[in-house]
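Please open the model in your viewer and keep the selection tool at hand. The tour moves from one selection to the next and says what is found at each stop.

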Amino acid sequence: MSRTQYTIGIDVGGTRTRVGLCDAEGSLIAQRKLRTLPEPEAMLPQIVGAIQECLGEQGVSWDDLVGIGLSVAGTVHVGTERVGKAPNLPQWEGFAPGEALQALLRDQGVRDDLPVVVDNDANAAAWGIARWEAPQLENLVYVTISTGIGGGIVIGRKLYHGGGGSAAEVGHMILKPGGPRCPCGKLGCWEALASGTAIAREGRARLGDPQITTPQVFQLAHEGNREAQKILDEVAEYLGLGFANLTELLDPETIFLGGGVMNEWEQLQTPALASYGRNARWRVPIRSTRLGDEVGLLGAAALVGDRD
Ligand SMILES: [Zn+2]
């Protein structure tokens, strides 16, 4: 008798951690949301509890799991699977969450041998798209635009990690030398010019409201505020420029987009694609991922499988 193969996806973000149970077809059949705790050692038992709840809800046992994929909002070293730079999870830097989770499951007598695969969150999302949404594509790029800008690169149906695991940090390509300061410390990174944070920063500086949020800038632009529209046009210009650089560098078959700012993509799409057209010598399709808000969790679950 063949058993259904289930995987667990864990997506550890700066503020929230999501845990999901995924079936063999790439559907999330149960999920839980947790607040991310600053200390990883305190977080792991809560994660195990959330897995237990998901399994219980669907009547799936630990023995039915083929593995756990864990993605984290930071770089992950190839080989050691230790977290590297993680500005939003500083206490996770240097931590090896896969090893620690395996040890915890062993200590609790749950499973001795359950594989746990760890990767950066945007890399995982890119692999989730390759596996579940675009199994026909060999080469693709995923760009997530939210508080920051992140990315993942699939080449020849393998995730591209670079030499140490820090590849695809597309948000830190400098697109405007001497431009606004990025949280990474450099000036003029793509993330400092075209993320949700950049939109709010420009809004605060130029719209006379020191409290204004990114959605409010979109709303003002929608209502016809000229300065708000100008801010979004500038952001769109840089989005198109970044897509053009990725196209020139990698010639992907498609660039997939995700992240919170994509909820407002309708307002950015026309000027961003116009900028792309001006700045790229050839164009590839650019579209939102159909995995939507689940791309992070499905990506984490997809790590259990052939990715490199
Ligand atoms: Zn940067």
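Select Cys182 first: in this predicted model the residue has a relative accessible area of 3%, and because that is under the 20% cut-off, Cys182 counts as buried. Cys184, with a relative accessible area of 41%, is by contrast partly exposed.

Now show the zinc ion, whose protein donors are the SG atoms of Cys182, Cys184 and Cys189 together with ND1 of His172, lying 2.0 to 2.3 Å from the metal. Along the sequence these donor residues follow the spacing H-x9-C-x1-C-x4-C. What arrangement do the four donor atoms make around the zinc ion? They subtend angles of 104 to 122 degrees, so the arrangement is tetrahedral.

Next, select Trp190 and display its surroundings, where contacts beyond four places in sequence include Val143, Val170, Gly171, Leu239 and Phe243. Trp190 is also one of the residues with the most contacts inside the largest nonpolar core, which has 38 residues. Among the elements that give two or more residues to this core are β6 (140-145), β7 (149-155), α4 (190-194) and α8 (265-279), while α7 gives the most, with 10 residues. Another core, of 36 residues, lies apart from it and includes Leu37, Ile51, Leu55 and Leu114.

Finally, go to Leu250, found in helix α7 (residues 226-250), and partly exposed at 25% relative accessibility. Leu250 touches Val141, Ile153 and Ile155, leaving aside residues up to four places away in sequence. Measuring from C-alpha to C-alpha, you should find Asn139 at 8.4 Å from Leu250, although 111 residues separate the two in sequence.

Terms used. Residues numbered from 1 in each chain as written. Predicted model: local features only at pLDDT ≥ 70, side-chain atom pairs only at ≥ 80, totals over all residues. Heavy atoms only, no water. Helix = DSSP H or I, 4+ residues; strand = E, 2+ residues; numbered from the N terminus. Buried < 20%, exposed > 50% of the residue type's maximum accessible area, 1.4 Å probe, protein only. Contact = heavy atoms within 4.5 Å. Donors = N, O, S within 2.8 Å, 3.2 Å for Na, K, Ca; no water. Tetrahedral: all angles 85-135°; square planar, octahedral: opposite > 155°, others 65-115°. Core = buried A, V, L, I, M, F, W, Y, C linked by side-chain atoms within 4.5 Å.
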